[in-house]
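Student: I have a protein model open on my screen and would like to learn how to read it. Could you take me through it step by step?

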Amino acid sequence: MMRAEALRIVERYLETYRRLDYSELVLKIGEQETFDGKSEAGEKYQVEIDFFYDDEQTKNLRVAGSVSFGLITDFAPVADDFIIAPDGSFIGE
C-alpha cells in the first residue's frame, strides 16, 4: 500500500468523526477506537483513532487518526488529525 492511499483511508475515518458534535466527541476523551480493514489491493491495515484535549485551558479537542499496514508503518504510521473547539469550529483550517 502506498502512503497516499493510507492517508486517504485515515482521512475517510476521520471524516466520520468530523460530523459529530463537540459534545459527542468530548465523551470519547481517553478512549482509542481501532478498526481493521483491507485496501483496494487486499492489503490488511489497522486504523487507530484517539481523542484528547489539545489545550486544557481552551478545551480544544484533538481527534487523531493513524493507519498502519506493515512493518515500517507499525513504527511510523501514516497519520492525520483535526482540532475542534467547544463552539464546534475547527481550529487551524
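Tutor: Gladly! Let us begin with burial. A residue counts as buried if its relative accessible area is under 20%, as exposed if that area is over 50%, and as partly exposed in between. Keep in mind that this is a predicted model.

Student: Is E33 buried or exposed, then?

Tutor: The relative accessibility of E33 is 17%, so E33 counts as buried. E33 also forms a salt bridge with K28, and their closest N and O atoms are 2.8 Å apart.

Student: What share of the residues in the protein is buried?

Tutor: Of the 93 residues in the protein, 35% are buried. As for the surface, the protein exposes about 5,800 Å², and carbon and sulfur atoms supply 51% of that area.

Student: How many helices and strands should I look for?

Tutor: Look for three helices and five strands. If you follow the sequence, they come in the pattern α-α-β-β-β-α-β-β. The C-alpha trace spans about 40 × 20 × 20 Å along its principal axes.

Student: Now the aromatic rings. What describes a pair of them?

Tutor: Two things do: the distance of the centres and the angle of the planes. For the angle, planes over 60 degrees apart count as edge-to-face. With centres within 6.5 Å as the rule for a pair, the count here is three aromatic pairs. One of them joins Y17 and F51: the ring centres are 5.4 Å apart and the planes meet at 70°, so this pair is edge-to-face.

Student: Which parts of the protein does the pair of Y17 and F51 tie together?

Tutor: Y17 belongs to helix α1 (residues 3-18) and F51 to strand β2 (residues 44-55), so the pair links parts that are 34 residues apart in sequence. Y17 is buried, with a relative accessible area of 6%, and F51 is buried too, at 2% relative accessibility.

Student: What is the geometry of the pair that F82 and F90 form?

Tutor: F82 and F90 are edge-to-face as well, with 5.6 Å from centre to centre and 70° between the planes. F82 is buried, with a relative accessible area of 2%, whereas F90 is partly exposed at 27% relative accessibility.

Student: Can a charged side chain be placed over a ring too? Where does R18 lie?

Tutor: R18 lies over the face of F82, at 5.2 Å from the ring centre. There is also K59, whose charged end sits over the ring of Y53, 4.8 Å from the centre of that ring.

Student: Back to salt bridges. How many are there in the whole structure?

Tutor: A salt bridge needs a side-chain nitrogen of Lys or Arg within 4 Å of a carboxyl oxygen of Asp or Glu. A search of the whole structure finds five salt bridges. Have a look at R62: its side chain meets that of D54 at 2.6 Å, N to O, and R62 forms a salt bridge with D81 as well, at 2.5 Å between the closest N and O atoms. R62 lies in strand β3 (residues 60-68) and D81 in strand β4 (residues 78-84), so this pair ties together parts 19 residues apart in sequence.

Student: What do D54, R62 and D81 make when taken together?

Tutor: D54, R62 and D81 are linked in a network of salt bridges. D54 is partly exposed at 35% relative accessibility, and D81 is partly exposed with a relative accessible area of 32%.

Note on methods:
Residues numbered from 1 in each chain as written. Predicted model: local features only at pLDDT ≥ 70, side-chain atom pairs only at ≥ 80, totals over all residues. Heavy atoms only, no water. Phe/Tyr/Trp six-rings, centres within 6.5 Å; stacked < 30°, edge-to-face > 60°. Helix = DSSP H or I, 4+ residues; strand = E, 2+ residues; numbered from the N terminus. Buried < 20%, exposed > 50% of the residue type's maximum accessible area, 1.4 Å probe, protein only. Lys NZ or Arg CZ within 6 Å of the ring centre and 35° of its normal. Areas by Shrake-Rupley, 256 points an atom, 1.4 Å probe, with all protein chains shown as cover.
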